[in-house]
Amino acid sequence: MHSGKRNLIQNIAIVALSLSAVILFTQTQLSTIAADPSDGYLFLSSGDSTQEESSQFSVPVRLAITGAYGRYATGFVRTSEESFSVPGALLGEALNSAGEPENCPQSGFYAALDSAASICYELSAPLPLSLLSRLLDVELEWEDSSIRRVLLSDDGDGRVSLYLWDENDLCKRCDTSITPSALSALSESYELGGAFFALDLGESCAGLDPLTLFSPEERSLPAVQAESTLSNSDALLSALDFNPRTEYRYTDANGAEVIVEGSRKLRIQSNDSILYQGGPSPVLAISSQEEMPTVWESAAGVYRLLSNLSPSGGQATLCLTQVRQSGGQTFLEFEYQLNGSLVRFADGQPAASAELTGTVVSSLSLRFRQYTLSEETVPLLPRAQVVAIAQAQQVQSLFIAYLDDGSSQISADWVAN
C-alpha cells in the first residue's frame, strides 16, 4: 500500500474511531560495519551469510485455526517464533508437496474455511510466496506470485488442499500430501471457540472485508513507555561510512541535522528518525550472486544493515512487511511486532524502508525509539462499536496495532489496514 493512501486511511480510522494507538519500537545500539578496503564498498551481507541471517529475519503472520468446536485466532506471530514452528512446519510440508495450482473462486476459499479442520495464514501485506517458502525451507517449482493469505483445509474426501489468495484477490488451489488427521490434530491442540471472521457474523459486519478477523483476547493491551534512542550521531555516521569529523554538516529549517559527503546525504531528523540518500558511488551495497539481487538477498542484506544500526530490538522485533521489484529497483519496508501486534506510526510511514538500485542502497530510513511494556492495561473499544463506526466511515478492514504518535506513554487500539 502506498504510504499516502495508508496515511489517509489510518487518519480516517483514528479520527472516526477516536482511537489512541501506540507502539513499541526498537532500542537502538549503534555499531559499525566493517568495510572492504579492497574496493571501497561497504558490504551489508555476503552470499554465505544469508542462511545465518534467516534465523532472525522474519515475517509477521496471523493464524486462524478452525476445528469441530469453532475457531481460534492469534495475533501477528513472527515466522521465527516458537509458537509458529508447528503450523509453519505443516505449511512447509504442504508447499513442498503441492501440485500445480488451479484457479479457484473466492467462494471456494470461504467454503474451505468451514471444513472439518483448517488453518489460515494471513500476512500483513502481500509478499512473494517464494520468500515465505524459503523461510520455511521450501523451494517452489512453479511460478512465483505475491500472496496475502494461505489456507490449508480438509476437503472432506480424504485430502487436504492448499489455497492461495494473491494480491489481486485471485485464488488458486493445490492438492497436497498432508493428511486430514495431521491437520485435525493441529487444530485440536488449540483452544477453539470465540474467534470469528466478519463473514461468520453476517449482516452485522456488512461492508467489512469478509476475512477481517476478531478474537476474544482483543479486549485490552498493555500501555507502553516510549523514548528516543537516537543520541550518538558519531556512531551513526561511522556505521554508515561517513566521516564523523566532517565539517560538511548543518541544521536545516526543519531542525534536521544534515551531513553531506560527496553525492551522499544523511538527515538526522527531529522525529527520532534518519533518512540516508546515496549517490552513484556504491559506498553502501549488498552482495548477491547476480547483478540484480533476488528478493531474498535484498531482504536479508537490508535486514542486516538495519540490525547493525539497531542491533537490540528490546521488546519489539523488526519484521519484513513489504518487498517488490520493478526493473532494476527493489523496494522494502519493515515494521515492528510487539506482543502479537504490529507497530504503526501516526504519519503512516513504516518503521524502516530501503530502496536498492541493483545491489546499491540508494535510500534508507529508520526510526530510533525504545519501548517498555507496562503493567497497566488499556481497554479496547468493543467489537460491535468498532464495526458500527467502521461501517459508517466505509473502512473495510480492521486490526489492532500500536501507533506511535511521539508521546512518551502510548497505548494500542483498532486501526484501519
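**Note on two antiparallel sheets and residue T330**

1. In strand β24, I410 is the bridge partner of V224. The model under discussion is a predicted one. Next to this pair, Q225 lies opposite Q409, which also belongs to β24. Strand β11 covers residues 220-228, and its antiparallel pairing with β24 rests on two bridges.

2. On the pairing with β22, β11 is joined to that strand by eight bridges, again in the antiparallel sense. Within this pairing, E227 stands opposite Q370 of β22.

3. Taken together, these strands make an open sheet of three, ordered β22-β11-β24, with antiparallel pairing. Its edges are formed by β22 (369-379) and β24 (409-410), each of which pairs on one side only.

4. A further open sheet consists of seven strands in the order β3-β2-β5-β6-β7-β8-β4, and here too the pairing is antiparallel. Which strands stand at the edges of this sheet? They are β3 (70-78) and β4 (102-104); each has a single partner strand, so one side of each lacks a neighbour in the sheet. From one strand to the next, the twist averages 25°.

5. Inside the seven-strand order, β5 (residues 118-128) pairs with β6 (residues 146-154) through seven bridges, in the antiparallel sense. One position that may be inspected directly is I119, which stands opposite L152 in β6.

6. Helix α6, residues 180-188, packs on this sheet. The strands touched by α6 are β2 (60-67), β5, β6 and β7 (160-166). The direction of the helix makes about 105° with that of β6.

7. A separate point concerns T330, a residue of strand β18, which spans residues 329-338. Is T330 buried or exposed? With a relative accessible area of 0%, T330 is buried, because the cut-off for that class is under 20%.

8. The surroundings of T330 can be described in terms of its contacts. Leaving aside residues up to four places away in sequence, T330 touches M292, S298, V323, R324, Q325, A354, E355 and L356. Of these, Q325 also takes part in a polar contact: its side chain and that of T330 are joined at 3.1 Å. The buried T330 is thus accompanied by a side-chain polar contact to Q325.

Notes. Residues are numbered from 1 along each chain as its sequence is written. This is a predicted model: local features need pLDDT of at least 70, side-chain atom pairs count only at pLDDT 80 or more; totals for chains, interfaces and linings use all residues. Side-chain values use heavy atoms; hydrogens and water are left out. Two strands pair if DSSP finds at least two bridges between them. Helices (H or I, at least four residues) and strands (E, at least two) are DSSP runs, numbered from the N terminus. Axes are lines fitted to C-alpha atoms, for helices over the stretch in contact, and angles run from 0 to 180 degrees between N-to-C directions. Contact means heavy atoms within 4.5 Å. Buried means under 20% relative accessible area, exposed over 50%, partly exposed in between (1.4 Å probe, protein chains only). A polar contact is a pair of N or O atoms within 3.5 Å; within protein, one must be able to donate a hydrogen and the other to accept it, and residues adjacent in sequence count only if both atoms are side-chain atoms.
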